[in-house]
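Reader: Please show me the model. I would like to go through its helix packing.

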Amino acid sequence: MYGYGYYGFDWTYILVLIGAVASLMASAKVNATFSRFARVRSKTGLTGAQAAREILNQNGLEYVAIEHVPGKLSDHYDPSSQILRLSDSTYGSTSVAAIGVAAHECGHAIQHKEEYGPLKLRSAIVPAANIGSRLGLPIVILGVILAYNAFLIQLGIWVFSLAVLFQIVTLPVEFDASRRALLLVEDYGILDHQEEQQVKKVLSAAAMTYVAAAAASVLQILRLIILFGGGGRRRD
């Protein structure tokens with residue numbers, strides 16, 4: 001086998017552990033940072049929804065609707081319906097954190113209008129990525145159960161790689177949306193320079209959750225390749 005016995009320690013679990021810890025740390029960081037600046041009221045007194053409306057209108061996106069959805073940090077822009085959805089923690093809040101998150105989602109709406117390349121690519125691979133995330137690992141497990149069936153194991157790894165690709169492509173999309181948000185809130189006088197720096201901390205923390213998710217996915221597929229790269233039965 002690959003460096004361990006049947007009753008020994010599978011060192012490749014360390015890769016999964018690293019990914020899990022990174023994701024937990026990133027999630028804790030974004031929640032702590034958002035909560036901190038959710039207590040800082042913006043000087044303009046605009047709510048997240050009002051700031052979003054201002055940004056959208058300034059960019060010729062009057063047709064994009066803004067909806068209130070339940071939850072915390074469940075904010076997102078839906079390109080298929082051209083609706084920007086803001087969560088409880090963003091929609092009616094006047095905090096700099098809420099305005100930053102709203103501006104970030106407006107960044108995605110602007111990307112959609114401008115046909116930003118990485119966003120188009122991410123949207124195109126969503127169906128395949130969903131299949132990869134749901135079926136990739138089960139196919140690998142089925143291949144192992146069926147006497148280490150090489151075809152199924154390799155198929156599972158390739159299918160799962162579609163989900164990994166989605167995570168990687170997501171990174172430039174999110175980074176660019178945050179970059180746009182920071183420029184928009186200051187250019188339109190929605191936040192001053194000091195507040196913009198506070199928003200930068202919120203968006204930087206949020207970006208790390210995407211980095212951690214991508215890293216965890218890459219480590220997971222690396223583990224599969226180490227264990228079953230040849231597609232066949234593990235050797236003693």
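Author: Questions and answers on helix packing and a surface patch follow.

This is a predicted model, where local features need pLDDT of at least 70, side-chain atom pairs count only at pLDDT 80 or more, and totals for chains, interfaces and linings use all residues. Residues are numbered from 1 along each chain as its sequence is written, and side-chain values use heavy atoms, with hydrogens and water left out.

Reader: At what angle do the axes of α3 and α5 cross?

Author: Helices here are DSSP runs (H or I, at least four residues), numbered from the N terminus. Axes are lines fitted to C-alpha atoms over the stretch in contact, with angles from 0 to 180 degrees between N-to-C directions. α3 spans residues 96-114 and α5 residues 150-187. Their axes come within 7 Å and cross at roughly 115 degrees.

Reader: Is α3 roughly parallel or roughly perpendicular to α5?

Author: The crossing angle is roughly 115 degrees. Angles of 65 to 115 degrees count as roughly perpendicular. Therefore α3 is, relative to α5, roughly perpendicular.

Reader: Which residues of α6 make the contact with α3?

Author: α6 covers residues 193-228, and α3 packs on α6 at about 65 degrees with the axes 9 Å apart. Contact means heavy atoms within 4.5 Å. From α3 come Val 96, Ala 97, Gly 100 and His 104; they meet, in α6, Glu 195, Gln 198, Val 199, Val 202 and Leu 203.

Reader: Which helix holds Ile 141?

Author: Ile 141 helps make a nonpolar surface patch of about 400 Å² with Leu 142, Ile 145 and Leu 146. Patch residues have over 30% relative accessible area (Shrake-Rupley, 1.4 Å probe) and no salt bridge (Lys or Arg side-chain nitrogen within 4 Å of an Asp or Glu carboxyl oxygen), with nonpolar side chains joined within 5 Å. Residues 117-145 form the helix that holds Ile 141, α4.

Terms used. Patch = residues over 30% accessible without salt bridge, like charges linked within 9 Å, V, L, I, M, F, W, Y side chains within 5 Å. Helix = DSSP H or I, 4+ residues; strand = E, 2+ residues; numbered from the N terminus. Parallel < 35°, antiparallel > 145°, perpendicular 65-115°, else oblique.
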